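Good morning. I have one structure to go through today, and I will keep it brief. Please look at the sequence and the model on the screen.

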Amino acid sequence: LGTPEGDKPRLFITSAIHAREYTTAELCTRFAEELVADYGRDADATWLLDEHEIHLMLHANPDGRKQAETGLSWRKNTNESYCGATSNDRGADLNRNFEFQWACCGGSSSDPCYLTYHGPSASSEPETQAVQDYARTIFPDQRDPALGAPAPGDATGVYIDIHSYSELVLWPWGFTGSPTGNSTALQTLGRKLAFFNGYEPDQAIGLYPTDGTTIDFAYGELGVAACLFELGTSFFQSCSVFESTILPDNMSSLLYAAKVVRTPYLTAAGPDVTGAAASVTVV
């Protein structure tokens, strides 16, 4: 969405990296549809598409999704090299396969048949490589490699990875309880996003330890402000719950993420107008 042009700030959203998490791709698709439908008639949508780039990867694990659509609770990709070519436990967990802090800290499994199998090597899977390569084409590297080094306060760009379920907004790190160099700013951004969808905000390790993940890669490698959403209360969420709760709650959160992409570490810390009214004066 939007026209790549000059120094426009960028939002990158991935969804459905875990195949059974159905609501994620639908939310991302609806977000795109709403922006396009409102362009030219809504000030926010028009400004966002004129002055920003919004990049959406709707299905980061298409082969896995095809397996999930047969009724299986499929999480990983479908790589037949791991756990047997016909096994329903085959594949690698793509959200443990990213190269940053891959297999570092007990946040993934070395068992090819396990749900969180991290693959034989960092970014071994083509799906992981696709996300990493794409992120590197749209975001500059804005952070020193040292773990505790901060990205500059005016670093640009926001990355969001959408998952389900648990009603959470999470930020790096997932592999350690130590804070990042931008911990206060990431916490502020996460809490702002959670204000709109009503979810619980937390550092990613607060859910459970993870390593080789999307948001740790985006922040750790590139310094991009990164958060992960866990939507709803079920992998196979009912359509009625999606339409009545997940969609309206998270649409406003994604719109907020798009609005702060130019300087997310700074802008999220400022005041926001969440409601405005004007009375008509008769002259």
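I will talk about a few paired strands and then one helix.

One caution before that: this is a predicted model.

Let us begin with strand β3, residues 158-164. How many of its 7 residues are buried? The count is 7 of 7, so this strand is mostly covered, taking buried to mean under 20% relative accessible area. Its side chains point two ways: Val158, Ile160, Ile162 and Ser164 to one side, and Tyr159, Asp161 and His163 to the other. Both groups are buried.

Now the neighbours of β3. Strand β1, residues 10-15, runs parallel to β3, and 5 bridges join them. Within that pairing, Phe12 is opposite Tyr159. Strand β6, residues 225-231, is also parallel to β3, here with 7 bridges. Ile162 has Phe229 of β6 as its bridge partner.

Back to β1. Because 5 of its 6 residues are buried, β1 is largely enclosed by the rest of the structure. β1 also pairs with strand β2, residues 53-57, in the parallel sense, over 5 bridges. One of the contacts there is Leu11 with its bridge partner Ile54 in β2.

Last, the helix, α7, which covers residues 239-259. Why should it span 30 Å? It has 21 residues, and at 1.5 Å a residue that is the expected span; the end C-alpha atoms are 28 Å apart, which agrees. The helix is bent by about 40 degrees at Ile246, and Pro248 follows within four residues. Ile246 is itself buried, and the other buried residues of α7 include Phe242, Asn250 and Tyr256.

That is the end of my part.

Methods: Residues numbered from 1 in each chain as written. Predicted model: local features only at pLDDT ≥ 70, side-chain atom pairs only at ≥ 80, totals over all residues. Heavy atoms only, no water. Helix = DSSP H or I, 4+ residues; strand = E, 2+ residues; numbered from the N terminus. Expected span 1.5 Å × (residues − 1). Bend = angle between axes of the 7 residues up to and from the residue. Buried < 20%, exposed > 50% of the residue type's maximum accessible area, 1.4 Å probe, protein only. Pairing = 2+ DSSP bridges.
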